[in-house]
Amino acid sequence: MKTITLPSGETVPALGQGTWMLGDDPARRQEEIATIQLGIDLGLTLVDTAEMYGDGRSESLVGEAIARRRDDVFLVSKVYPHNASRAAMRRSCEASLRRLRVETLDLYLLHWEGSVPLGETVEAFEALQRAGKIRQWGVSNFDTDAMERLWRTPGGDACQTNQVLYNLGSRGIEWDLLPAMRARGLPVMAYSPFDQGRLLRNAKLVRFARACGMTPAQVALAWLLARDGVIAIPKTGRRQALEENVAASARPLSADELAELDKVFAPPAGATPLAML
Ligand code: NDP
């Protein structure tokens, strides 16, 4: 499995697991837990969740899935912007840790920028690090201007990643944000690599995948895996789909295939506002 090095020097797999909407349907719970566990077995050890997802249901499910194997996982969770102040972040983080049944998060992200000043949020992250409740921190849904402001904030250069929408059909970050982050050695964590499933029904992608002997999901992931400094976090609650997604890491796209995809899913021709879900 390809790995990505964080600014801290720590390496993580370039393919991880998203968990938004997992834990919402009690009838699917056991399959979802088994899927996360299979993903860890197959090397998708980075698991992404958030206090927002299902009002804590995703974190609780992840907690159940990783019980007894905490050390195998690089655990990522996120704090709501309205909880990003000193006092509220501590309470939020402790609630996430309880639901996840762990002592420490490996990475804690600000879910998007809100009204709490960045300086206060950075101090709140630093306080949680000192208390041993998080090891590292980062942000999500930050455009280039927001990243520049963060880097000018005291302590802001300790940020480990920016988790943003990035997939074949949504390439706007290649214009400015991705180069700015690469210049700082900061990986992008690409969320919604399948555009929540919509991309997989794109007729052009379906045709391209068939011609390559791959599935649309595998092309979407192999395309992200071909890019420097990008971590992809697809979500599935099904073991079969998980195995299909993992197999994408064993089938790199050739230079010709990548050039062909550029014709179908064009890179940006100018700056665009950061796309978000
Ligand atoms: P994805 O782009 O990962 O798509 C998930 C959808 O694709 C689900 O419907 C899933 O269905 C389906 N799917 C997965 N694998 C396959 C496959 N091999 N074949 C067919 N269908 C498949 O969407 P998400 O929005 O969930 O993004 C991934 C993760 O990114 C989230 O779960 C979350 O952790 C994070 N995220 C972060 C955001 C942020 O603001 N920071 C915003 C959005 C997401 P099924 O489960 O039935 O397989």
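Is histidine 111 buried or exposed, and how many other C-beta atoms lie within 10 Å? Histidine 111 is buried, with 20 other C-beta atoms within that distance. The legends below refer to a predicted model.

**Figure 1. Surroundings of histidine 111 in the predicted model.** Histidine 111 sits in the loop that runs between strand S6 (105–110) and helix H4 (118–130). UniProt lists His111 under "binding site", in an unreviewed entry. A residue counts as buried when 20 or more other C-beta atoms lie within 10 Å of its own; histidine 111 has 20, so it is classed as buried. Leaving aside residues up to four places away in sequence, the contacts of histidine 111 are Ala50, Met52, Lys78, Val79, Tyr80, Pro81 and Ser140.

**Figure 2. Tyrosine 53 in the loop between S4 and H2.** The UniProt annotation "active site", from an unreviewed entry, covers Tyr53. Tyrosine 53 has 24 other C-beta atoms within 10 Å and is therefore buried. With residues up to four places away in sequence not counted, tyrosine 53 touches Thr19, Trp20 and Ser58. Of these contacts, Ser58 is listed among the buried residues of H2, and Trp20 is among the residues that come nearest to the ligand.

**Figure 3. Helix H2 (residues 57–66) and what covers it.** Eight of the ten residues of H2 are buried, so the helix is largely enclosed by the rest of the structure. The buried residues are Ser58, Glu59, Ser60, Leu61, Val62, Gly63, Ala65 and Ile66. The elements that cover them include two helices, H1 (29–41) and H3 (86–100), together with the strands S4 (46–48) and S5 (74–79). Arginine 68 follows H2 and has a positive phi, near 75°.

**Figure 4. The shell of residues around the ligand.** There are 27 residues around the ligand, and those that come nearest are Gly18, Trp20, Tyr191, Phe194 and Lys235. By class, the shell holds ten nonpolar, twelve polar and five charged residues. Helix H9 (residues 239–247) gives the most to this shell, with three residues.

**Figure 5. Parallel pairing of strands S7, S8 and S9.** Strand S7 (residues 134–140) pairs with strand S8 (residues 162–165) in the parallel sense, over two bridges. S8 is in turn joined by four bridges to strand S9 (residues 188–191), and these two also run parallel. Asparagine 162 in S8 stands opposite valine 139. In S9, the bridge partner of asparagine 162 is valine 188.

**Figure 6. The whole protein, for reference to the close-up views.** The secondary structure comprises ten helices and ten strands. The radius of gyration is 18 Å, close to the 19 Å that the globule rule gives for 277 residues, so the protein is as compact as a globular protein of that length. The C-alpha trace spans about 55 × 45 × 30 Å along its principal axes. Of the 277 residues, 45% count as buried. Among contacts between residues at least 6 apart in sequence, 77% join residues at least 24 apart.

Key: Residues are numbered from 1 along each chain as its sequence is written. This is a predicted model: local features need pLDDT of at least 70, side-chain atom pairs count only at pLDDT 80 or more; totals for chains, interfaces and linings use all residues. A residue is buried if 20 or more other C-beta atoms lie within 10 Å of its own, exposed if 12 or fewer, and partly exposed in between; C-beta atoms are placed from the backbone. Two residues are in contact if their C-beta atoms, placed from the backbone, lie within 7 Å. A residue is near a molecule or strand if its C-beta atom, placed from the backbone, lies within 6 Å of it. Ala, Val, Leu, Ile, Met, Phe, Trp, Tyr, Cys and Pro count as nonpolar, Asp, Glu, Lys and Arg as charged, and the others, Gly among them, as polar. UniProt positions are given in the numbering used here, feature names are shortened, and annotations may be inferred rather than shown by experiment. The radius of gyration is taken over C-alpha atoms; the globule rule is 2.2 Å times the number of residues to the power 0.38. Two strands pair if DSSP finds at least two bridges between them.
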